[in-house]
Amino acid sequence: MSKTKIIERVKEHYGSSVIDSHDFRGDQTVTMKKNCTIDFFKFLRDDSELAFNFLMDITAVDYFSKKEERFEVVYHFYSLTHNHRLRVKIPVSIDDCIADSITPLWKTANWYEREIWDMYGIKFRGHP
């Protein structure tokens, strides 16, 4: 799969949840609506054309109210199978400061989600 088709594949299956996307110098990024659930992340991992089987990092950004949603949770995925990467951003408001945990899919998410809770106060629904 060519790298430009990663975003197309995501839009094909979850287009109504895509807020924004870009491909800059091979850097694939999709910004998803917060209602995007663990099913979306399972799709990224299990779809044979994507196969994002390695969670590289989860972090958060605090825009200090310079954007409509104060925070963004940012996920970095890598496919060992296809040697491609994807960044997923999910806006999170200060009023509803919660996102879904992806720990059931990638055990390493446990540490990252705890770190984000400690640093930003963002909770993860379903976090162990």
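**Aromatic pairs**

I looked up the aromatic pairs in this predicted model and found nine of them. I took F40 and F41 to start with. Their ring centres lie 5.2 Å apart and their planes meet at 70°. I noted the pair as edge-to-face because the angle between planes is over 60 degrees. Both F40 and F41 are buried.

Next I turned to F77 and W106. Their centres are 4.9 Å apart, with 45° between the planes, and the pair is tilted. F77 sits in strand β4, while W106 sits in the loop between β6 (98–100) and α3. The two are 29 residues apart in sequence, so the pair ties those parts together. Are these two buried or exposed? F77 has a relative accessible area of 1%, so I wrote it down as buried. W106 has 5%, so W106 is buried too.

I then checked which rings join up. Y14, F40, F41, F43, F52, Y75, F77 and W106 make one aromatic cluster.

**The nonpolar core**

The largest nonpolar core has 34 residues. Which of them touch the most other members? I listed F41, L44, Y75, F77 and V88. I also noted the elements that give two or more residues to this core: α1 (4–14), β2 (27–32), α2 (38–46), β3, β4, β5 (84–92) and α3 (109–120).

I followed L44 a step further. I left aside its neighbours within four places in sequence. L44 is then in contact with V10, L50, A51, F52, F77, L86 and V88.

**Salt bridges**

Side chains of opposite charge can pair when their charged atoms come close. I looked up how many salt bridges there are, and the count is eight.

My first entry is D27 with R87, at 2.8 Å from N to O. D27 lies in strand β2 and R87 in strand β5. They are 60 residues apart in sequence, so this pair ties the two parts together. D27 has a relative accessible area of 27%, and I noted it as partly exposed.

D96 and K34 also meet at 2.8 Å, N to O. D96 is in the loop between β5 and β6, and K34 is in the loop between β2 and α2. These distant parts of the chain are linked across 62 residues. D96 is partly exposed at 42% relative accessible area, and K34 is partly exposed at 25%.

Then I checked D62 and R70. Their closest N and O atoms are 2.7 Å apart. D62 is buried at 17%, whereas R70 is partly exposed at 24%. The cut-off for buried is under 20%, so the two residues fall on opposite sides of it.

I also found a network of salt bridges that links R9, E12, D47 and E49.

**The surface**

What forms a nonpolar patch on the surface? I found F54, M56 and L80, with about 280 Å² of accessible area together. F54 is in strand β3 (residues 54–62). Its relative accessible area is 40%, so F54 is partly exposed.

I looked at K66 next, in the loop between β3 and β4 (71–79). K66 is exposed, at 74% relative accessibility. Its C-alpha atom is 28 Å from that of L55, and the two residues are 11 apart along the chain.

Last came G126, in the segment after β7 (123–125). G126 is exposed at 62%. G126 and L55 are 71 residues apart in sequence, with 18 Å between their C-alpha atoms.

Conventions:
Residues numbered from 1 in each chain as written. Predicted model: local features only at pLDDT ≥ 70, side-chain atom pairs only at ≥ 80, totals over all residues. Heavy atoms only, no water. Patch = residues over 30% accessible without salt bridge, like charges linked within 9 Å, V, L, I, M, F, W, Y side chains within 5 Å. Areas by Shrake-Rupley, 256 points an atom, 1.4 Å probe, with all protein chains shown as cover. Salt bridge = Lys/Arg side-chain N within 4 Å of Asp/Glu carboxyl O. Helix = DSSP H or I, 4+ residues; strand = E, 2+ residues; numbered from the N terminus. Buried < 20%, exposed > 50% of the residue type's maximum accessible area, 1.4 Å probe, protein only. Core = buried A, V, L, I, M, F, W, Y, C linked by side-chain atoms within 4.5 Å. Contact = heavy atoms within 4.5 Å. Phe/Tyr/Trp six-rings, centres within 6.5 Å; stacked < 30°, edge-to-face > 60°.
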